[in-house]
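Visitor: Could you walk me through how the features of a model such as this one are read, taking strands, burial and confidence in turn?

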Amino acid sequence: MSLKNLENRICEHCQQNFTISEEEFSLYKKVGIELPTLCFFCRVKLHLSFWMFGKFRKGKSDLSGENLITVLPEKNRYPIYTLTEWHSDKWEGRDYAMDYDPKVPFFKQLQDLQEKVPHPHQNGTKNTKCDWCDDVWRSKNCYLSRSMERCEDLLYSYRNIDVKNSIDVTVCFNSEKCFDCGDCHNSYKLFYSRHSRDCISSYFLYDCRNCQNCFMCWNLRNKSYCIENVQYTKEAYEEKLKSFNLGSYKSVKDLRERFEELAKREIVHRENFNFKVTNSDGNYLLDTKNCHNCNTFSESEDCFNIVRGFQVRNSIDGAGCWKSELLGNCGCCVGGYAEKYCVWSSSRYSEYLDLCIECEYCFGCVGLKKKKYCILNKQYDKESFDKLRTKIIEDMKKRGEYGQFFPYSMSGGSFNFSNSFLYFPETKKEDILKLGGYWEDVNESHLEGIPTSELPDNIRDVPDEIVSKALICPETGWRFNIAQNELIFYKENNIPLPRYHFDVRIKKALKYLTLLQAYPYKCFYCKKDIKAYYHPEWGYQKIACEECYKQNIA
């Protein structure tokens with residue numbers, strides 16, 4: 001079939017029209033996967049639903065009974081082992097082998113297998129005192145945080161690298177002693193800020209570079225002692241700063257509102273946050289070449305339609321993929337080569353794998369390690385493998401299964417506790433259930449604690465005994481506590497106690513960092529038509545094309 005007959009399609013999930021470009025078509029052929037039946041957004045939504053954000057809870061290993069802490073749901077569809085047990089030789093994936101039944105849909109058989117095979121309680125390695133964390137690597141003394149590498153003393157944070165002694169930071173790198181920052185890098189003692197770099201001892205900065213001792217500023221470069229972009233002397237700045245009463249929750253709330261108002265009316269917003277890109281489009285791209293419709297993607301080449309990736313080559317349709325090549329329609333695959341329709345796997349020349357490590361030429365397997373020529377975890381010789389694989393693909397094509405990613409029914413847990421919900425928060429429960437997925441309504445109204453409305457307004461009035469009290473989030477009803485180190489941090493930095501559960505705080509901060517759709521705007525300066533990654537409801541009035549931004553701001 002020619003491309004002309006394929007370029008206009010209707011998404012099977014949302015019923016919206018989508019197109020396939022000539023470049024995409026070529027890459028689909030190169031990778032060797034079927035053309036999509038879902039639009040880009042529904043593909044990403046499905047991929048990310050297999051990556052659990054979760055809610056931290058205590059549990060026990062289904063192998064040893066050992067205590068563990070996980071973000072996986074209490075009612076799991078499969079056994080949970082500790083990470084150490086899962087990687088040990090105490091169990092063998094081929095012990096769960098199944099014979100293929102041509103009378104039963106393949107996804108049904110694969111799900112039956114998946115629900116028997118153990119899964120690890122968390123991801124990560126080489127950590128010290130990071131039990132209450134997930135997806136954490138080479139880190140130390142971190143608490144209730146997710147997706148980080150080489151971090152220390154980090155609390156209530158998400159997606160950080162080389163960050164130390166900080167709280168409530170999201171997508172920050174190489175920073176220390178920061179609080180409530182998003183997409184801020186190489187900074188020290190930076191608070192309540194977004195999209196800023198190389199800044200020190202400052203508050204409420206937006207898109208600032210190399211600034212010190214600044215307050216409520218935007219688009220500044222190489223400045224000190226500024227308030228709302230007005231220059232002050234050192235003495236006048238320090239005196240003015242005292243008047244803001246930063247230890248008061250009410251005062252900080254008012255300042256946050258002022259900050260958002262400035263973002264709407266005064267701040268000049270660049271159309272995207274791409275750096276060092278060649279022939280690439282999307283947002284949060286770094287050092288990419290020939291990458292299109294990608295987001296949060298770095299050091300990669302020749303890719304299409306991928307969200308959150310690093311060092312990926314010649315791949316299309318994926319999310320959470322690192323150090324891989326020739327991936328097609330995959331989610332959370334690291335170190336893979338020529339994988340198709342796989343999730344959480346690092347293998348080669350394989351299809352429909354879940355949680356398979358260093359396997360080759362496998363099809364429809366779960367939890368295998370360093371295996372070859374397996375189907376549904378059963379071992380075959382090469383000739384038998386090739387013959388059965390061909391038969392299964394023929395059967396899948398007749399049922400309309402082949403070329404589809406895993407269904408929602410095989411995801412790791414409830415959609416509203418997955419990473420997908422961070423990107424698609426407007427998703428309705430009934431829509432996910434209709435697609436076979438899961439949803440969990442957590443009701444903790446029976447838990448006792450102090451309503452946060454009763455907390456002292458100013459941090460100086462907070463007694464040390466608060467660390468022994470349970471607090472109740474006004475938005476979710478969930479209970480949370482103030483840790484000892486957390487209270488010390490707040491008092492040292494004159495930060496009022498939080499009023500919301502830490503997961504609520506993370507999700508609110510991610511609102512500005514997870515937008516996948518570009519919207520049409522006119523450049524504030526030259527008036528040409530541009531596409532920018534800011535939701536219209538945010539009300540931003542000054543959005544600049546890349547050229548005008550560089551001329552006027554950078």
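**Strands, burial and confidence**

Guide: Let us begin with one pair of residues in this predicted model: Trp137 stands opposite Glu149 in strand S9.

Visitor: Which strand is joined to S9 by 4 bridges, and in which sense do the two run, parallel or antiparallel?

Guide: As a general idea, strands of a sheet pair through backbone hydrogen bonds, either parallel or antiparallel. Here strand S8, residues 133–137, is joined to S9 by 4 bridges, and the two run parallel. S9 also pairs with strand S11, residues 158–170, in the parallel sense over 3 bridges, and within that pairing Arg146 has Tyr158 of S11 as its bridge partner.

Visitor: How many residues of S9 are buried?

Guide: Burial here is judged by a relative accessible area under 20%. In strand S9, residues 145–149, 5 of the 5 residues are buried, so the strand is largely enclosed by the rest of the structure.

Visitor: What covers the buried residues of helix H11?

Guide: Helix H11 spans residues 502–510, and its buried residues include Phe502, Asp503, Val504, Arg505, Ile506 and Leu510. Their cover includes the strands S9, S11 and S32, together with helix H8 (419–423) and helix H10 (484–493).

Visitor: S32 appears there as well; what is the order of the strands in the open sheet of 3 strands?

Guide: The order is S30-S31-S32, and the pairing in this open sheet is mixed. Strand S30 (450–451) and strand S32 (479–480) stand at the edges with a single partner strand each, so one side of each is left without a neighbour in the sheet. Strand S31, residues 471–472, runs antiparallel to S32 and is joined to it by 2 bridges, with Phe480 of S32 as the bridge partner of Leu471.

Visitor: Which residues does Tyr249 touch, leaving aside those up to four places away in sequence?

Guide: Tyr249, which lies in helix H6, residues 249–265, touches Asp457, Pro496, Leu497, Arg499 and Tyr500. Tyr249 is partly exposed, with a relative accessible area of 25%. Its C-alpha atom is separated by 18 Å from that of Val467, a residue 218 residues apart from Tyr249 along the chain.

Visitor: What pLDDT does the chain average, and where is the pLDDT below 50?

Guide: The chain averages a pLDDT of 96, and 99% of the residues score at least 70. Over residues 1–5, however, the pLDDT is below 50, and this stretch has 6 contacts in the model beyond near neighbours in sequence. Where pLDDT is low, the predicted coordinates should not be read in detail.

Note on methods:
Residues are numbered from 1 along each chain as its sequence is written. This is a predicted model: local features need pLDDT of at least 70, side-chain atom pairs count only at pLDDT 80 or more; totals for chains, interfaces and linings use all residues. Side-chain values use heavy atoms; hydrogens and water are left out. Two strands pair if DSSP finds at least two bridges between them. Buried means under 20% relative accessible area, exposed over 50%, partly exposed in between (1.4 Å probe, protein chains only). Contact means heavy atoms within 4.5 Å. pLDDT is the predictor's confidence in each residue, from 0 to 100.
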